[in-house]
Amino acid sequence: MKTILLIGGTHGIGSNVVEQLKESHKLIIATRSEPSESHQNIEHIKFDATKDSLNMDDLPELDGFVYCPGTINLKPFKMMSLDTFEEDMEINFFSLIRVVKDIMPKMTESSSLIFFSTVAVSNGMPFHTSVAAAKGAIEGFAKSLAAEYAPKLRVNVIAPSLIDTPLASRLLNNDKKRESMSERHPLKRVGKTEDIGNIVSFLLSEKSSWMTGQVIGVDGGISTLNLN
């Protein structure tokens, strides 16, 4: 049974990952809020990625790591304050760096690390300057980290388009918005948490053992297809 550390795991994508893995993996979930359910394979650590440090003495060896915290700040650049850029970098990137530095000695041979980006890094999209900058930093970091630690560790990034999660609720809070967002994607729907959870499960498994340094688009085709 593999041991996986998730930073975030009580909402959205993280919650789906937990649902998929809880029967077959030992899960350590580090979040600000308690998980909605208890399970014999789930251990919870009270943790705020922006200000807390993990106690390494309490952590076992880890076979996988998933960093879920993220932001969606969508505004015109002229309305973006420097504070917004700093906040997005802090939550998405610098907090990730601090955790990764802490856990590296705990990662086992052939373990898998998974980070999240956004389709807006590869596709220039209006109003995404702040989040795309922060997620772009993650992509560059992940590729360099994958190169530095190969073949001991595998590091991959998932770059979704819009996923139906609490974080994205204001973008999907009525039928008109949902239809508009669905129509933007060649597959004519927004993403579901299980669409991303399936890829996370795959990247943590031996089925992906020949993959590292990849940015994987799970985005309904929007990053590569133009149907107009």
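The lining of the largest pocket in this predicted model has 24 nonpolar, 17 polar and four charged residues. In total, 45 residues line this pocket. Its space comes to about 1200 Å³. Nearest the centre of the pocket lie C68, P69, G70, T71 and L167.

Which elements each supply at least two residues of the lining? They are α1 (12–21), β2, α3 and α4 (129–149). Of the elements, α1 gives the most, with three residues.

**N92 and its surroundings**

N92 sits in helix α2, which spans residues 82–103. Is N92 buried or exposed? N92 is buried, because its relative accessible area is 0%, and buried means under 20%.

The side chain of N92 has two polar partners to note. One is the backbone oxygen of D88, which lies 2.8 Å from a polar atom of that side chain. Another is the side chain of K135, in a polar contact of 2.9 Å.

Residues up to four places away in sequence aside, N92 touches Y67, P69, G70, T71, A134, K135 and I138. Among these contacts of N92 are P69, G70 and T71, which are also listed nearest the centre of the largest pocket.

**T118**

T118 lies in the loop between β5 (107–116) and α3 (119–122). T118 is buried as well, with a relative accessible area of 15%. Beyond its neighbours within four places in sequence, T118 is in contact with K135, E139, A159 and P160. K135 therefore appears in two settings: it is in contact with T118, and its side chain makes a polar contact with that of N92.

**E37**

E37 is placed in the loop between β2 (25–31) and β3 (42–46). E37 counts as partly exposed, because its relative accessibility is 33%, and the partly exposed class lies between 20% and 50%. Setting aside neighbours within four places in sequence, E37 is in contact with E19 and K22. L187 is 150 residues from E37 along the chain. The C-alpha atoms of E37 and L187 are separated by 33 Å.

**Salt bridges**

How many salt bridges does the structure hold? There are seven. Three of them are set out here.

| Salt bridge | Closest N and O atoms |
|---|---|
| K2 and E206 | 2.9 Å |
| E90 and R98 | 2.3 Å |
| K188 and E183 | 3.4 Å |

K2 and E206 form a salt bridge. This pair links distant parts of the chain, 204 residues apart. K2 belongs to strand β1 (residues 2–7). E206 belongs to the loop between α6 (193–204) and β7 (215–218). K2 is partly exposed, at a relative accessible area of 22%.

E90 pairs with R98 in a salt bridge. E90 is partly exposed, with a relative accessible area of 25%. R98 is also partly exposed, at 37% relative accessibility.

The salt bridge between K188 and E183 joins their side chains. K188 is partly exposed, with a relative accessible area of 42%. E183 is partly exposed too, at 47%. E183 stays out of the exposed class because its 47% is not over the 50% cut-off.

How values were computed
Residues numbered from 1 in each chain as written. Predicted model: local features only at pLDDT ≥ 70, side-chain atom pairs only at ≥ 80, totals over all residues. Heavy atoms only, no water. Salt bridge = Lys/Arg side-chain N within 4 Å of Asp/Glu carboxyl O. Helix = DSSP H or I, 4+ residues; strand = E, 2+ residues; numbered from the N terminus. Buried < 20%, exposed > 50% of the residue type's maximum accessible area, 1.4 Å probe, protein only. Polar contact = N/O pair within 3.5 Å; in protein donor to acceptor, adjacent residues only side chain to side chain. Contact = heavy atoms within 4.5 Å. 1 Å grid on protein atoms, 1.4 Å probe; cavity = no way out; pocket = protein on both sides within 12 Å on 5 of 7 lines; lining within 4 Å. Points joined across faces, edges and corners; volume = space filled by probe spheres on them. Nonpolar A, V, L, I, M, F, W, Y, C, P; charged D, E, K, R; others polar.
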